[in-house]
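Visitor: Could we go through this model together, one topic at a time? I would like plain answers that I can check against the coordinates.

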Amino acid sequence: MHRNNCEFAGYADAILAEQGVTVSPVYWSDRDDWTLAMIAAGLGFGFMPEHTAKHPGVVALPITEPEFWREVNLVTVRGRRHSPAVGALVREATQKKWFGERAKALSAAAAE
């Protein structure tokens, strides 16, 4: 099963090809619930975040090797006041250690 607009499209294919496995998607969907229903019906398998793989008849198995991860950026306008909710999110995100390091603040010019 293939999720349309999946940010990992092709990523797993290359890893499987290294192992001598070729996979060709037969069904595509924009909706995770439809993809999960097709998987539950025995029409195939899919790669998706663990928290989305909640459906009767579907078993989520963790992939530990290789590790799948993504980079997420939090972008705000320097000097602009935030709402209380956005301010709390920015504070938490910048105070947390990500992969053992503090978040990095970049200017727009440095990010280009």
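**Lys96 and the basis of the model**

Guide: Lys96 counts as partly exposed, with a relative accessibility of 42%. Here buried means under 20% relative accessible area, exposed means over 50%, and partly exposed lies in between, with a 1.4 Å probe and protein chains only.

Visitor: Where is Lys96 placed, and which residues is Lys96 in contact with, leaving aside its neighbours within four places in sequence?

Guide: Lys96 sits in the loop between H3 and strand S3 (97-98). Helices (H or I, at least four residues) and strands (E, at least two) are DSSP runs, numbered from the N terminus. Leaving aside neighbours within four places in sequence, Lys96 is in contact with Glu101, Arg102 and Ala103, where contact means heavy atoms within 4.5 Å.

Visitor: What kind of model is this, and which residues count for local features?

Guide: This is a predicted model, in which local features need pLDDT of at least 70 and side-chain atom pairs count only at pLDDT 80 or more, while totals for chains, interfaces and linings use all residues. Residues are numbered from 1 along each chain as its sequence is written, and side-chain values use heavy atoms, with hydrogens and water left out.

Visitor: And where is confidence lowest and highest in the chain?

Guide: The predictor's confidence in each residue is pLDDT, from 0 to 100. Its mean is lowest in helix H4 (residues 108-111), at 54, and highest in helix H2 (residues 32-40), at 91. The chain averages 81, and 90% of the residues score at least 70.

Visitor: Let us stay with H2. Which of its residues are buried?

Guide: Thr35, Leu36, Met38 and Ile39 are the buried residues of H2. Seen down the axis of H2, they fall within an arc of 160 degrees, so they line one face of the helix. The arc is taken over the directions from the helix axis to the C-beta atoms.

Visitor: What do they pack against?

Guide: The buried residues of H2 pack against S1 and strand S2 (28-29). After H2 comes Gly42, whose phi is positive, near 85 degrees.

Visitor: Which residues make up the largest nonpolar core?

Guide: That core has seven residues: Met1, Leu36, Met38, Ile39, Met48, Ala53 and Val58. A nonpolar core is a set of buried Ala, Val, Leu, Ile, Met, Phe, Trp, Tyr and Cys residues joined through side-chain atoms within 4.5 Å. Not counting residues up to four places away in sequence, Met1 touches several residues, among them Tyr27, Leu43 and Phe45.

Visitor: Why might such residues gather?

Guide: As a general tendency, nonpolar side chains in soluble globular proteins are buried together.

Visitor: Turning to charges, how many salt bridges are there?

Guide: The structure holds two salt bridges, each defined by a side-chain nitrogen of Lys or Arg within 4 Å of a carboxyl oxygen of Asp or Glu. One joins Arg3 and Asp32 at 2.8 Å, N to O. Arg3 lies in strand S1 (residues 2-3) and Asp32 in helix H2, so this pair ties together parts that are 29 residues apart in sequence. Arg3 is buried, at 18% relative accessible area, whereas Asp32 is partly exposed, at 24%.

Visitor: And the one formed by Asp33?

Guide: Asp33 pairs with Arg31, their closest N and O atoms being 2.5 Å apart. Asp33 is partly exposed at 36% relative accessibility, and Arg31 is partly exposed at 38%.

Visitor: How many aromatic pairs are there?

Guide: There is one aromatic pair. The ring centres of Phe45 and Phe47 are 6.0 Å apart and their planes lie at 80 degrees, so the pair is edge-to-face. Rings of Phe, Tyr and Trp (its six-membered ring) pair if their centres lie within 6.5 Å; planes under 30 degrees apart count as stacked, over 60 as edge-to-face and the rest as tilted.

Visitor: Finally, is Glu18 buried or exposed?

Guide: Glu18, found in helix H1 (residues 11-18), counts as exposed at 65% relative accessibility. Glu18 and Val77 are 43 Å apart in space, C-alpha to C-alpha, and 59 residues apart in sequence.
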